[in-house]
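Here are some short exercises to help you find your way around a new structure. Try each task yourself, then read the worked solution below it.

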Amino acid sequence: MIPVEAAWLHDAVWVYARALADALRTGEGARDGRAIAVRMRNTTYRSVMGYWVHMDENGDAEGNYTLLSIDPTRSPGLYPLAVLHKTAPELRLLREIKWPGGQAPLSEPPCGFRGEKCVSHVGAWALGASGGTLALLALAALALYRGWRYEQELDSLLWKIDFKDLHLPDEDQRNNKLITSKSVRANFFQQDSSAGVNTSSTNAIGNEKGSAGGARSSQVSLSSNPDLDFRYSAIFTEVAFYRGRLLAVKRVRRNQIDINREIKKELKIMRDLQHDNVNGFVGACIEPPNVCALSEYCTRGSLKDILENEDIKLDNMFIASLVGDIIRGMIFIQESPLQYHGSLRPSNCLVDARWVVKLADFGLREFRKGEMPPSEPTALRSHIDSLAYLSPEQLRAAGWGKDSLPTSLEACAGSPAADVYAFALLLYELHTRRGPFGPDAPPPPALLRRLAHPQPAPYRPPLEALAGRFDCVRECCAECWAEDAAARPDFKAVRARLRPLRKGMKPNIFDNMIAMMEKYANNLEALVDERTDQLQEEKKKTEALLEEMLPAPVAEQLKRGKRVMPESYDSVTIYFSDIVGFTAMSAESTPLQVVDFLNDLYTCFDSILENFDVYKVETIGDAYMVVSGLPIRNGILHAGEVASMALALLAATRAFRVRHRPDHRLLLRVGIHSGPVCAGVVGLKMPRYCLFGDTVNTASRFESTGVPLKIHCSGACKALLDQLGGYVLEERGVVAMKGKRDQVTWWLRGEEPRAAEARARRRAHARDLPERGPRSSLKTRSWKNQVGSLHRCCSLESPKKLRFASGNHLESHTDSVLHHRSDEYLMETTGETRAACPALLAAPSLREHASVSCPIIEQAESCGVRLVVNGHDPAGVPLLADA
């Protein structure tokens, strides 16, 4: 058989050859493809396969199609059945069509080509039914499993505790017996009205002698028992240890108990209840006669114990926190399967170590059903007192509304409205601390009968006791005491009404206390910092005063508690000076004038000393003693420091005028000497840093043998000054001194300007260096040789200035550093109107050494001020001692 591709190739070659032949006949080239392609379009040819094929204007072949089928009359194979031409779109049958089944097939299957028209929901229905069945089976299985699990939990008795497992405080003495004494019943209803005193129900349990091992009255100490690992010093109810836990034991007065399904469900519900304000139920003992319920022990006792303890003060924050805990606990209980508390009273509101209230003694209605009343009179009295917290409808249901007394004291069923009524009584008692009905309440039997009778008017506690409390408390109590139970609000509404009580507070009192402690700690920390800063300031002042009295290194040793050992110094320079004619002037002046005069003079001297490496030893009357070279050695610089200081003091003295004697000229006599000394602290009270040695006496002799307004210098000091250079000295000659041999002495005339400037720069550089140790706050830290920059002692805030300057010299100015106004001072002003224009101090050396503390400068920053020395202007000339 020839493949069809060969036929297609034959037809293509034949069509091309025919078109090429036509092109050649017309004279067109064989390579002209466009001409050949044109002759191929709109032509018809007979295919080698036996049918005609037409090519349209686009060159597409419009071929004929043959329908093949099986011919039953012929051998197996496909034979032509019909022919379809494109030009005439009709099917021409070559023979009769024989359809399978005797009829032509449909153009589309009834269910569609993909079965989309015949969708069956049977599978989905079957799947849904099976799924639903499985879900129902799963739910049934789950319900059966939960029921089985629930029954297993009920039957497992997880709450059951063997009484033998309880470790009682006095177990050895009681021999595991809780009930040994005889039952005693007293007629409480015939007691006097004075018996109507509120007594803690917890005491009733503890004092009932019908209980044995572990029964205790309120606040009985167990710390004396060494066998118990018990860290609490006081207990408020009967307690026992169970697996290392301290539990509270609640006695149930029943001779026997049958555990049925209702009791099991009740105990399981109690065991599953967990809340911060609900006391956790641990289990129960059901072995007669030791039937009891066990719960967590709260170390603070109950609210009744707190209210009866006058040492505990309840403020608004305390009460608001306790009330909030009670409300949260009651909301949880009423939303639980229990639905109500039924016995809300202060004795059942326990307080744990964090001062959180936990509600107790609720539920267990079936477990305590048929419980006998207390047999001990005190416990019976406490039980009757607790009935005052029952609502009026509960009292009427118990038989208190009749003329006769009820025959049974068994508790009646409670309700959420009754809990709200009891809460209002508890809220009233928290604020008044005088019982639920105040101090004027009738005895319990009469009180219960009055509460049960709503006529003529319902008996309620007096609201006058809440006059000083929040308005919301009085309004809430009045609403909660409504006679109609349906008119009382629920606890969520009560919480909303009492929200002003807890405005700005934490959820519980412990958090409030922590917040208060943190606030107090923060305030205390700030206060401590403030006091510490004040202490540091006072310490600095004390240290500064000590360093003014003693050299800084010596003062530092004394502050450290060390003994200051005497020390020898090979070479120091001592300055002595006194005032010539001081005795005569003192005789002609009043003591106050003498004091003011010396204060002005020595304040001026002290301010000048701060610019030199010297130490002021003492002043005795008009005598002034200064030393350099101790306690910190400075080589031979001590001679230059004392010499420069003496020149500065002498220059300041020439300009100084006595306040009360302005015409009197001050005559200063100075003597300096260099040599060895021994120095040390003498005395414990008012200790003095004293110098000893012949050098001190010799320096004093040089001062006494000198002349006014001159500096008498020894040969030893002159030798050191020559080594330093820059000082002008003049030989005086041989001078006879008392107690000393004749000596050649010298006059210190002045200091060369270039050397003075070099020393001034050296001192400024030394002052600018970082301090190696503590310095007195009264000491200067820097000295600027420039206009408008004054020494620190110029300021009125300087402790020295405040301490030494007289009162009428302490006039402050807000814009300038310091202004001393005194008509007695020797000043010379330039300019007719004293116009403001800067002026330098005349003498360079004096600019360095002078201080505004001296009364020689009236106004340092005012214009046209020049320092006048002996009527001359020494600007630009060396500062000489006799200028």
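**Exercise 1. In the open sheet of three strands, find the order of the strands and say which of them stand at the edges.**

Solution. Keep in mind that you are looking at a predicted model.
- Step 1: the strands follow the order S4-S5-S6, and their pairing is antiparallel.
- Step 2: strand S4 (65–70) and strand S6 (91–93) each have a single partner strand, so they stand at the edges, and one side of each is left without a neighbour in the sheet.
- Step 3: from one strand to the next, the twist averages 40°.
- Step 4: look at how S6 is held. Three bridges connect it to strand S5 (residues 78–84), and these two strands run antiparallel. For a pair to look up, take Ala-82, whose bridge partner in S6 is Leu-93.

**Exercise 2. Describe how strand S16 (residues 668–682) is joined to S17, and sort the residues of S17 (residues 688–692) into a covered and an uncovered face.**

Solution.
- Step 1: S16 and S17 run antiparallel and are joined by five bridges. In one of the pairings, Gly-680 has Cys-690 of S17 as its bridge partner.
- Step 2: the two strands form a hairpin with five residues between them, where Gly-683 takes a positive phi near 90°.
- Step 3: on S17, Tyr-689 and Leu-691 make up the covered face, while Arg-688, Cys-690 and Phe-692 lie on the uncovered one.

**Exercise 3. Work out whether helix H3 (residues 122–156) and H6 are roughly parallel or roughly perpendicular, and classify the residues of their contact.**

Solution.
- Step 1: two packed helices are described by the angle between their axes and the distance between the axes.
- Step 2: for H3 and H6 the angle is about 95°, and the axes are 9 Å apart.
- Step 3: angles of 65 to 115 degrees count as roughly perpendicular, and H3 and H6 are therefore roughly perpendicular to each other.
- Step 4: H3 brings Tyr-150, Glu-151, Glu-153, Leu-154 and Asp-155 to the contact, and H6 brings Arg-261, Lys-264, Lys-265 and Lys-268.
- Step 5: by class, this gives two nonpolar, no polar and seven charged residues.

**Exercise 4. Do the same for helix H19 (residues 637–655) and helix H21 (residues 715–724).**

Solution.
- Step 1: H19 and H21 pack at an angle of about 100°, and their axes are 8 Å apart.
- Step 2: that makes H19 roughly perpendicular to H21.
- Step 3: from H19, Leu-637, His-638, Ala-639, Gly-640 and Ala-643 meet Cys-717, Leu-720, Leu-721 and Leu-724 of H21.
- Step 4: these residues divide into seven nonpolar, two polar and no charged.

**Exercise 5. Decide whether Arg-253 is buried or exposed, and find a backbone atom that lies by its side chain.**

Solution.
- Step 1: look in the loop between strand S8 (245–251) and helix H6 (261–272), which is the place of Arg-253.
- Step 2: buried means under 20% relative accessible area. Arg-253 has 18%, so this residue is buried.
- Step 3: a polar atom of the Arg-253 side chain lies 2.7 Å from the backbone oxygen of Met-372.

**Exercise 6. Find the residue that caps the N-terminal end of H9, and list the buried residues of this helix (residues 377–386).**

Solution.
- Step 1: the cap is Glu-376, which has a side-chain oxygen 2.8 Å from the backbone nitrogen of Thr-378.
- Step 2: the buried residues of H9 are Ala-379, Leu-380, Ser-382, Ile-384, Asp-385 and Ser-386.

Key. Residues are numbered from 1 along each chain as its sequence is written. This is a predicted model: local features need pLDDT of at least 70, side-chain atom pairs count only at pLDDT 80 or more; totals for chains, interfaces and linings use all residues. Side-chain values use heavy atoms; hydrogens and water are left out. Axes are lines fitted to C-alpha atoms, for helices over the stretch in contact, and angles run from 0 to 180 degrees between N-to-C directions. Helices (H or I, at least four residues) and strands (E, at least two) are DSSP runs, numbered from the N terminus. Angles under 35 degrees count as roughly parallel, over 145 as roughly antiparallel, 65 to 115 as roughly perpendicular and the rest as oblique. Contact means heavy atoms within 4.5 Å. Ala, Val, Leu, Ile, Met, Phe, Trp, Tyr, Cys and Pro count as nonpolar, Asp, Glu, Lys and Arg as charged, and the others, Gly among them, as polar. Buried means under 20% relative accessible area, exposed over 50%, partly exposed in between (1.4 Å probe, protein chains only). A polar contact is a pair of N or O atoms within 3.5 Å; within protein, one must be able to donate a hydrogen and the other to accept it, and residues adjacent in sequence count only if both atoms are side-chain atoms. Two strands pair if DSSP finds at least two bridges between them.
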